[in-house]
Structure formats: structure tokens, C-alpha cells
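Here's a short set of worked exercises on salt bridges, burial and helix geometry. Grab a viewer and try each task before reading its solution.

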Amino acid sequence: MSPHAPPLHGSLPPEGADLAWGGPAARPVSAAPVVEISNLWSVFRTAGVDTLIHKDLNLTIQRGELLSIVGGSGSGKTVLLRQILGLETPARGSITVLGRPAAELTHAGAASRVGMLFQHGALYSAFTVLENIAFPLRELKALPEDLVRDAVMVKLQMVGLDPAHAHKMPADLSGGMIKRVALARALIMDPPLLLLDEPTAGLDPDRSDAFCALVRSLHQELGLTVVMVTHDLDTIYEISTRVAVVADKHVIVDAPPREVIAFDHPFVREFFLGGRGLRAMELLRAQPQDE
Amino acid sequence: MPQAALEDSQPRVVFTQTPDDGSCAHLHGRWTAESLAVEAHWDALQADLRSVPQDCHACQWDLRPLLRMDHTGAQLLWNTWYRQWPDTLYTLPRQRAMLERVAQFSSVLPPRRRVTPWDLFLRLGAVVVRVEEHVVGAVRLLGQLLIDAVQLVRAPRSGPWRDVSGHLYRIGATALPITALVGFLIGVVLAYLMSQQLRQFGADAFIVNILGVSLIRELGPVLAAILIAGRSGSAITAQIGVMRVTEELDAMKVMGIPKGFRLVLPRAMAMAVAMPLLAVWTTVAALLGGMLASDLVMGLTPAYFVTALAKAVQVSNLWLAVGKSTVFGLMIALIGCHYGLRIQPNTQSLGEGTTASVVTSITMVILVDALFAVVFKDVGI
């Protein structure tokens with residue numbers, strides 16, 4: 001590398017200050033939350049029977065957070081994620097994502113606002129890895145092919161995949177590789193918000209650790225806001241800055257991991273302080289106390 | 001103000017010349033994929049970049065005025081620099097980190113392997129192997145069906161009767177309206193066309209013979225078979241194919257449940273029963289259509305039509321029709337299962353398998369029908 005002038009700090013506005021849509025916003029967005037859920041009610045109708053899943057659920061996610069949503073099976077964690085994405089409409093209440101209603105999120109250009117890693121990857125099985133990752137960029141129909149390809153190769157290697165995999169089909173990839181490709185696809189437009197649904201489910205402990213490290217480093221380097229749904233205690237302790245526990249149809253506690261485990265609730269005791277929980281807590285103790 | 005904001009977000013490069021420092025390039029606007037993809041932005045920026053001096057590394061680059069840059073923008077810049085760091089560069093820490101990442105990971109895409117004549121030769125071999133697989137698979141499926149049928153005869157109580165009745169309803173009962181409609185319309189059309197030809201010879205009454213033989217012996221069974229091949233053959237392939245995709249087939253295998261006995265046999269049985277019934281049903285609808293049209297166009301009363309039909313068409317025609325419909329039904333079910341079981345766990349294979357199943361079963365129906373016509377040419381005429 002050639003010599004560079006020292007980087008300049010200070011007087012300029014922080015990078016990413018204009019996270020909201022539509023260019024440099026007129027209002028100070030950096031202080032506004034990335035996701036704001038207020039008084040959310042969700043109802044699921046199966047075989048004519050209505051089941052209330054969320055009742056008066058409130059949750060606010062600030063920029064730069066790495067939030068884990070935790071809850072029992074059927075407590076509606078994935079539904080919550082889908083509602084943030086605008087894939088499902090809540091019965092009552094409002095969800096605001098990046099300053100706009102969540103229902104508008106899926107409009108054209110959504111890939112530059114939010115990235116989603118689906119539980120099973122959801123790669124397009126008719127496309128190669130390269131075409132999968134390039135898909136949102138190519139849909140813009142304006143960027144030249146070589147620039148798109150270069151951008152894809154950078155993202156592919158950022159998530160730790162070898163360039164040689166670029167021409168493979170999703171059917172030929174292992175579970176861990178599918179998740180990495182899906183992550184690269186979610187990040188191709190550098191969205192400020194990244195949602196992960198069970199990112200480490202189906203990965204062996206080694207790969208799961210590697211994936212956590214990857215998400216953490218991307219979170220730091222790209223200044224992402226990450227929201228994930230997970231059951232994996234190791235993942236929760238290792239990377240989240242905040243944990244929201246969904247139980248009794250709303251968020252019972254929403255705090256850093258250390259404070260959440262001190263919260264007195266049957267689900268919290270069961271989940272964090274059961275046998276598995278205590279083992280995973282070793283991780284938390286091993287971490288430095290300076291957050 | 002909105003006008004100013006609009007201009008501000010446009011990605012651009014501004015060159016300034018200072019006497020002591022030489023030329024300096026300042027980057028402005030939003031260098032993001034979304035912003036770059038706006039056609040006006042892209043064209044303007046390309047014009048800016050074309051004016052970059054040849055020795056772009058000698059000039060100073062200042063990225064600090066940028067509103068925002070993402071990896072696509074960084075990549076564009078890196079490519080503009082011919083993938084080398086310029087001598088003097090002013091950046092914010094995060095911009096520097098992004099550029100360093102792009103620099104680290106920018107690599108040439110490994111080329112796809114070129115197709116050589118040897119590959120073509122291997123492909124030819126693969127085609128032969130695939131044909132062989134199909135033949136072996138079909139024979140195995142048929143043999144397994146026979147074994148399962150024998151087992152069913154030996155122990156009828158353990159048979160998958162619930163499945164059979166379900167498939168009978170889905171393949172047979174729900175197909176009644178569409179087969180009746182198509183049959184009726186074909187009957188009407190045939191009667192109209194024939195009546196005009198026959199009237200030229202004054203042989204109006206023969207319409208009963210022509211309609212009777214052609215509909216009962218040929219058109220009824222073939223029409224019904226083609227409709228059912230499209231309707232239920234594809235459904236069978238898709239059902240079994242989705243079971244492969246969702247690993248249900250593997251789950252059955254692990255539980256020790258034979259897929260031939262539980263998946264193929266019930267479908268084949270339901271088809272073998274439903275198909276002849278549907279063929280008769282379609283034929284009746286077509287004859288009704290023909291009867292109505294004959295009445296309207298030529299004034300042949302339905303009463304005459306029915307009595308003349310009994311004399312004109314031998315009963316053996318009906319048995320032939322029922323017999324070949326049973327064969328068609330078995331064939332459609334087996335072809336559907338054959339392609340369904342071959343499906344690979346991905347969406348493309350599912351689509352291809354379903355298409356291939358329908359095309360094959362319709363072709364086979366017509367082929368086998370021709371075979372029947374040749375073999376039974378002395379029966380019933």
C-alpha cells in the first residue's frame with residue numbers, strides 16, 4: 001500500500017447519518033429508532049379458531065443495536081420478524097421501520113433498506129450462487145455487468161466463501177454455505193437493517209461460532225442494526241447487545257443479556273437458568289465486564 | 001431546498017486545481033447502488049470519471065464530502081483507480097475500512113469451465129444412461145406394482161383402502177364436471193360437421209353409426225384419458241415430488257413403510273377404477289351432445305337416435321373402450337409416480353418432472369390407443 005494522508009476525524013457528519021429513505025433527510029434521523037413497534041396485536045386464524053399471539057407488544061430498536069428476540073415455541077417470534085418486514089399485517093397497532101410504516105417496506109428498492117436471512121436461506125434454486133447474490137443489483141438494470149460481478153465477489157468473500165463456489169447451484173451447497181450465501185445476498189445493497197431468522201439453527205457448533213463471529217464483525221464494520229430470532233443461548237450471549245424476551249403475548253423484558261437473566265419470570269428462569277442455560281452462561285462470565 | 005437536496009445526493013467527482021498541490025478530486029453525493037442506478041446519475045458520473053486524468057494515482061482524492069458510500073460505490077471507485085491505491089487519499093475511518101475490504105476481496109471471477117468435444121461425448125453417454133434409467137425404473141415400478149397387488153390379494157384387510165378411496169374421489173368424482181362439459185361440446189361439434197357432409201349424400205341417418213362408433217370406441221376413452229393425464233397425472237407427480245423435496249419420502253423409508261405399497265398402489269388402483277368410469281361418463285355426455293345437435297340440425301328425434309344406436313354399435317365396442325380405459329388409467333398413474341419419484345429436491349426439477357410426466361402420459365395414451373386400434377381391428381366393427 002502506498003502512503004496515505006491521515007484520516008480526518010471530527011467536524012464532518014457521521015457516516016450513515018442519513019439512514020432514512022429519500023436522500024439527506026430534513027430531520028435528525030440518527031436519533032430516531034430504526035424499528036418502532038407500538039401496541040401491536042397479532043391474531044392467527046387456523047381452522048376458524050382465532051389465536052391471539054401478541055397483545056399490546058411494544059419494542060423499540062435503536063440504530064447500531066444487535067438485538068436477539070427470545071421466546072418459547074409458538075410465542076410469535078418469527079411472526080414478529082415477518083411483520084417488521086411487512087410480509088404480514090398486524091391486527092392492530094403500528095410498526096415503523098426506518099421512519100416509514102412497515103407495510104411500505106416491501107415496495108421497490110427494499111433490498112437497499114433491509115436484508116433478511118431466512119431460516120432455510122430461501123436461495124433461488126434456479127440460479128447459481130453468483131446470480132443469487134447479484135439478483136437485487138441486477139434488478140436495478142442500470143449498473144454494468146462487470147461492476148455487479150466485482151461487487152458480488154467482494155460480498156462472497158466477505159462472508160468467508162471461496163470464489164470457486166460462485167458458479168455452483170444452491171442444491172450443491174451445504175447448510176452452512178447456504179446461510180453464508182443468503183447472508184451475502186441480504187447484504188449486497190448494504191442495507192442499514194439486517195434481520196436474521198434462526199441464523200445458527202442447523203449448523204454444527206464450529207460453524208455456528210464462525211457464523212456468530214461473522215455477524216459480529218459485519219455488525220461492527222458496516223454499522224448495521226441487527227435483529228435476530230434465535231434459540232441458541234451461545235449466540236445470544238456471544239453477540240447480542242440487547243435481548244428482548246417475548247412471553248405472555250408481549251415483551252416482558254428488553255435489556256442487555258446480564259440484566260435479562262436477573263429478571264424474575266418463569267420463562268426467563270426456565271430458558272436462561274436451566275441446565276443448558278447455566279452451561280452457556282460460562283461464556284458470559286468469560287467475557288470482559290466493560291460494556 | 002428540495003432542489004438543492006436533489007443535486008446534493010447526486011454522485012459526482014469535482015476536480016480542482018491548486019497551484020501548490022496539483023489536481024485534487026473531491027467526491028460528492030451518495031455513492032450507493034441505489035443512487036448509482038438512477039440513469040441520469042450514472043451517465044453524469046461516467047462523464048465525470050472519463051475526465052479523470054490518466055495518472056489518477058498522482059492526483060489527490062478526497063472522499064470526506066461524500067454523503068454516503070456503500071460497497072458498490074467503493075467498488076466503482078476502486079475499479080476507477082485500476083485497483084491500486086492513489087498516492088494521496090483523504091477518507092473517514094469507515095470509508096477507509098470499506099475501501100480496504102473491497103481492495104482485499106476484489107478478485108477475478110474464476111471462469112466457467114469451457115465445453116470441450118469430450119464433454120459433448122460424455123453428454124451423449126449421459127443421455128443413453130438416462131434413457132436406460134427410465135426403462136429400468138419403469139420396469140421396476142411395474143414389477144413392484146404386481147408384487148404389491150399379489151400382496152393385497154393375499155391380505156386384503158391390510159390394504160391402503162383409505163388412500164384408495166381418497167384418490168378415487170380426487171381423481172374420479174371431482175373430474176366429472178369438466179369431462180362432461182368437454183365430452184358434450186365435442187359431441188355437438190362432431191354432429192354439426194358430420195351432418196353437413198352426410199346431407200350431400202342423403203345419408204342423414206348414418207350420423208348415428210358414425211357418432212356411435214367413433215365416440216364409444218375412440219373419442220370417449222381418449223378424451224377422458226387426455227383430460228385426466230393433464231389433471232391428475234400432473235397432480236400425482238407434483239404430490240410425490242413435493243414429498244421428495246420436504247423429505248417425506250425419506251421419513252416413510254425410515255419408518256419402514258414401503259412407498260410402492262402406500263403411494264403407487266393406491267393411486268394405480270384408483271386410476272384403474274376411475275378411468276373406465278370416466279370414459280363411459282364422457283362418452284355418454286358426448287352422445288347426448290350429438291343427439292341434441294342431430295335433433296336441431298337434421299330433425300332426428302332422440303327416440304330414433306337411441307334405437308338406431310343400439311343396432312349400429314355392437315356391445316363389444318363398449319367392452320373394448322372400458323378395457324383400454326383401464327390400461328390408460330394404470331399407465332397415467334404409473335407414469336405420474338415414475339416421474340414423481342425421480343424428482344430432485346429443488347423447484348426446477350419439480351417443474352420439469354411435472355411437465356415431462358404430462359407430456360409422456362398424453363403421448364403414451366395416444367400411442368397405446370393406436371396399438372389397440374391395430375390389434376382389435378376385427379372386433380366390433
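**Exercise 1.** Does Arg342(B) count as buried, partly exposed or exposed, and at what relative accessibility?

*Solution.* Arg342(B) counts as partly exposed, because its relative accessibility is 29%. Buried means under 20% relative accessible area, exposed over 50%, and partly exposed in between (1.4 Å probe, protein chains only). Before going on, note that this is a predicted model, where local features need pLDDT of at least 70 and side-chain atom pairs count only at pLDDT 80 or more, while totals for chains, interfaces and linings use all residues. Residues are numbered from 1 along each chain as its sequence is written, chains are lettered from A and ligands numbered from 1 in the order in which they are written, and side-chain values use heavy atoms, leaving out hydrogens and water.

**Exercise 2.** Find the salt-bridge partner of Arg342(B) and place both residues.

*Solution.* Take a salt bridge as a side-chain nitrogen of Lys or Arg within 4 Å of a carboxyl oxygen of Asp or Glu. Arg342(B) meets Glu133(B) this way, at 3.6 Å from N to O. Arg342(B) sits in helix α13 (residues 315-342) of chain B and Glu133(B) in helix α6 (residues 117-154) of chain B, so the pair links distant parts of the chain, 209 residues apart. Helices here are DSSP runs (H or I, at least four residues), and strands are E runs of at least two, numbered from the N terminus. Glu133(B) is partly exposed too, at 41% relative accessible area.

**Exercise 3.** Now contrast two salt bridges in chain A.

*Solution.* Start with Glu145(A) and Arg149(A), whose closest N and O atoms are 3.9 Å apart. Both lie in helix α3 (residues 145-158) of chain A, four residues apart, or about one turn of the helix. Glu145(A) is partly exposed at 33%, and Arg149(A) is partly exposed at 32%.

Next, Asp190(A) and Lys155(A) meet at 3.0 Å, N to O. Asp190(A) lies in the loop between α4 and β7 (193-197) of chain A and Lys155(A) in helix α3, so the pair ties together parts that are 35 residues apart in sequence. Asp190(A) is buried at 7%, and Lys155(A) is buried at 2%.

**Exercise 4.** Check the length and the burial of helix α4 (residues 175-187) of chain A.

*Solution.* The expected span is 1.5 Å times one less than the number of residues. For the 13 residues of α4(A) that gives 18 Å, and the end C-alpha atoms are 19 Å apart, which agrees. As for burial, 12 of the 13 residues are buried, so α4(A) is largely enclosed by the rest of the structure.
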